[in-house]
Amino acid sequence: MMIEYVLALSAYLFSIGIYGLITSRNLVKALMCLELILNAVNLNFVTFSDFFDNRQLKGNIFSIFLIATAAAEAAIGLAILSSIYRNRKSIRINQSNLLNK
């Protein structure tokens, strides 16, 4: 597989994630777009690790740590989101001004 195709796919996923993160008003959509950005970065790490460093798996190991961190971030983010929804009955970003109380 050519590296250009994988990098184009990664750039496409990253740009979709950035666009969704900028334009989203829903916290669930924002978390999903953040995960999409992290997965695009993981794809780049694995691709460059395979292309430049065949014997050492530094990019793959770093991607595994990044996936674990993203899973923890998603769990904590969803816990915070459910708490906000329980208190505010809304998950819109512009309505969740928790510091104004």
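Ser10 is buried in this predicted model, with a relative accessible area of just 1%. That counts as buried because the cut-off is under 20%. You'll find Ser10 in helix α1. So what does Ser10 touch, once you set aside its neighbours within four places in sequence? The answer is Ala40, Leu43 and Asn44.

Those partners take us to helix α2, which covers residues 27–52. With 26 residues, α2 reaches 38 Å from its first C-alpha to its last, close to the 38 Å expected at 1.5 Å a residue. At its N-terminal end, α2 is capped by Asn26: a side-chain oxygen of Asn26 sits 3.3 Å from the backbone nitrogen of Val28.

Now look at which residues of α2 are tucked away. The buried ones are Leu27, Ala30, Cys33, Glu35, Ile37, Ala40, Asn42, Thr47 and Ser49. Ala40, one of the residues in contact with Ser10, is on that list. It helps to remember that an α-helix has 3.6 residues a turn, so residues three or four places apart point the same way. What covers the buried residues of α2? The cover includes α1 and α3, the latter running over 58–88.

Back on α1, which spans residues 3–23, have a look at Ile16. Is Ile16 buried, exposed or partly exposed? Ile16 is partly exposed, because its relative accessible area is 35%, and partly exposed runs between the 20% and 50% cut-offs. Ile16 and Ile37 are 21 residues apart along the chain, and their C-alpha atoms are separated by 8.1 Å. Ile37, for its part, is among the buried residues of α2.

Methods. Residues numbered from 1 in each chain as written. Predicted model: local features only at pLDDT ≥ 70, side-chain atom pairs only at ≥ 80, totals over all residues. Heavy atoms only, no water. Helix = DSSP H or I, 4+ residues; strand = E, 2+ residues; numbered from the N terminus. Buried < 20%, exposed > 50% of the residue type's maximum accessible area, 1.4 Å probe, protein only. Expected span 1.5 Å × (residues − 1). Contact = heavy atoms within 4.5 Å. Polar contact = N/O pair within 3.5 Å; in protein donor to acceptor, adjacent residues only side chain to side chain.
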